Amino acid sequence: SFAKVADCAPLERVYAEGSYTGPLIDTHLHIPSIPDAELGASLDQLREESGEQPSMGLNITMDDIACQLQREGTQQAVAFFPIWPEIPEPMVEVVSRTMARYPDLFAPFIMPPFHDDDPEGSPTVDAPTLQDMLAFDPELFVGYGEIGLYERKSGAAELLPDGERLMEIYPVLETEGIAALYFHPGDGQADNLARALKQFPEITFLVHGDQIQPSIESLMEGYPNIYFTMNDLYGDEWLLRPEVSKEEFLAYFENIEPLIKKDLKMYSGMIRRHPDRFMWGTDRGDVLWTYDAEVGQTLVDYARAFIGRLDPSLQENFAYKNAERVLSP
């Protein structure tokens with residue numbers, strides 16, 4: 001999972017006129033899982049099977065990701081590390097080694113799914129299993145998530161923020177000193193989320209997604225412990241998915257002015273009304289090309305152009321200070 005990148009010197013960056021040029025924290029970065037290898041499978045077989053699916057140690061390493069963040073000028077990333085209940089130790093070891101190597105670059109969140117592609121599964125493990133996972137390396141993780149609470153097609157049912165499984169998990173997080181979590185809520189879950197926010201005021205809830213966005217301001221007005229990541233900038237079009245090619249993604253940004261105007265119309269009022277609650281993130285991870293250097297730089301350049309159009313009093317909060325407060329309470 002580690003192979004030091006030969007040349008990872010920071011690039012000389014040329015910012016577009018009016019762009020924000022200060023620090024950035026990416027509050028939404030998925031880390032690939034280690035391969036699910038069958039006994040006797042060769043590395044070549046595993047690479048062929050992984051295809052465009054990112055697979056830790058096969059087609060991407062933690063050093064690749066770290067180098068990319070540093071070259072982009074991203075000072076830190078909230079990183080979701082997938083930990084599988086069947087084999088937690090190897091991936092926990094990856095996290096441990098990552099933090100020893102890059103102690104300031106990543107804020108590690110434990111992301112433990114439980115057969116979420118199965119109707120009998122769940123978006124996350126139960127509380128006792130989570131507690132066992134955390135015991136492998138106490139104090140390693142600073143957060144829990146991302147957990148998608150929405151219903152999966154042909155997979156797990158929705159998971160309510162105030163349902164039994166999560167209501168048993170919140171006390172585990174408090175006991176283990178994990179003060180932040182990350183959810184992608186499902187449709188119609190705003191009231192359920194409000195009940196969880198009220199009952200666990202010491203936990204900071206980070207959320208994103210179209211499903212909760214219409215309710216986010218009312219939740220912010222009622223509860224000080226909720227934050228929102230905007231990772232669907234660039235014209236409110238979600239492009240970091242397998243159905244889109246890298247070439248299509250890059251072509252989309254040939255003229256960013258209409259995209260920025262649309263994003264400002266949609267988001268600038270929210271950011272102005274709640275300047276301490278909104279953050280930036282990329283949500284990279286579903287497909288290998290989303291970790292590509294050119295793609296990452298395009299995302300960051302667009303974010304800087306967008307942030308530069310916000311009122312100067314709002315820019316640093318959105319770019320990194322709100323995330324900094326969440327990660328260093």
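In the predicted model, the buried residues of helix α10 are Leu259, Ile260, Asp263, Leu264, Tyr267, Gly269, Met270 and Ile271. The helix comprises 17 residues, 257-273, for which a rise of 1.5 Å a residue gives an expected span of 24 Å; the C-alpha atoms at its ends are 24 Å apart, so expectation and model agree. A bend of about 40° is nevertheless found in α10, located at Tyr267, one of the buried residues of this helix. Gly269 also belongs to α10. Its relative accessibility is 11%, and Gly269 is therefore classed as buried, the limit being 20%. Between the C-alpha atoms of Gly269 and Ser55 the separation is 39 Å, with the two positions 214 residues apart along the chain.

A contrasting case of sequence and spatial separation is given by Tyr320 and Ile25. These residues are 295 residues apart along the chain, and their C-alpha atoms are separated by 4.9 Å. Tyr320 is part of helix α12, which covers residues 312-327. With a relative accessibility of 11%, Tyr320 counts as buried.

Aromatic contacts were examined next. The structure contains 17 aromatic pairs. In one of them, the ring centres of Tyr234 and Tyr302 are 6.2 Å apart and the ring planes meet at 80°; because this angle is over 60°, the pair is assigned as edge-to-face. Tyr234 is located in helix α8 (residues 233-236) and Tyr302 in helix α11 (residues 293-309), so the contact ties together parts of the chain that are 68 residues apart in sequence. Both partners are buried: Tyr234 has a relative accessibility of 4%, and Tyr302 has a relative accessible area of 2%. Tyr234 and Tyr302 also belong to a cluster linked by ring pairs, together with Phe249, Tyr252, Phe253 and Trp289.

The search for enclosed space returned 2 cavities of 30 Å³ or more in the whole structure. The largest cavity holds about 60 Å³ of space. Its lining consists of Met230, Asn231, Asp232, Leu233, Tyr234, Trp280, Gly281, Thr282, Leu299, Tyr302 and Ala303. Helices α8 and α11 are the elements that contribute two or more residues to this lining, and the largest share, 3 residues, is from α11. Classified by residue type, the lining of the largest cavity has 7 nonpolar, 3 polar and 1 charged residues. Tyr234 and Tyr302, the two members of the edge-to-face pair, are thus both found among the residues lining the largest cavity.

For the second largest cavity the volume is about 50 Å³. The residues lining this cavity are Leu134, Asp137, Pro138, Glu139, Leu140, Phe141, Glu176 and Ile178. Of these, 5 are nonpolar and 3 are charged, with no polar residues in the lining.

Open space was treated separately. The largest pocket encloses about 1,500 Å³. A total of 49 residues line the largest pocket, and those nearest its centre are His30, Gln53, Met111, Gly285 and Asp286. Two or more lining residues are supplied by each of β1 (24-30), α1 (43-50), β4 (143-148) and β7 (226-230). The composition of the pocket lining is 20 nonpolar, 15 polar and 14 charged residues.

Several backbone features were also recorded. The peptide bond joining Gly145 and Glu146 is cis, with omega at about 5°. Glu146 is placed in strand β4, one of the elements that give two or more residues to the lining of the largest pocket.

Positive phi values occur at two non-glycine residues described here. His115 has phi of about 50° and is situated in the loop between β3 (106-111) and α4 (127-135). Its relative accessibility is 37%, which places His115 in the partly exposed class, between the limits of 20% and 50%. Ser154 has phi of about 60° and occurs in the loop between β4 and α5 (164-175). Ser154 counts as exposed, because its relative accessibility of 69% is over 50%.

Methods:
Residues are numbered from 1 along each chain as its sequence is written. This is a predicted model: local features need pLDDT of at least 70, side-chain atom pairs count only at pLDDT 80 or more; totals for chains, interfaces and linings use all residues. Side-chain values use heavy atoms; hydrogens and water are left out. Helices (H or I, at least four residues) and strands (E, at least two) are DSSP runs, numbered from the N terminus. The expected span of a helix is 1.5 Å times one less than its number of residues. The bend at a residue is the angle between axes fitted to the seven residues ending there and the seven starting there. Buried means under 20% relative accessible area, exposed over 50%, partly exposed in between (1.4 Å probe, protein chains only). On a 1 Å grid over the protein atoms alone, a cavity is a set of points where a 1.4 Å probe fits but cannot get out, and a pocket is an open set with protein on both sides within 12 Å along at least five of seven lines; lining residues have an atom within 4 Å of a point. Grid points are joined across faces, edges and corners, and a volume is the space filled by probe spheres set on the points. Ala, Val, Leu, Ile, Met, Phe, Trp, Tyr, Cys and Pro count as nonpolar, Asp, Glu, Lys and Arg as charged, and the others, Gly among them, as polar. Rings of Phe, Tyr and Trp (its six-membered ring) pair if their centres lie within 6.5 Å; planes under 30 degrees apart count as stacked, over 60 as edge-to-face and the rest as tilted.
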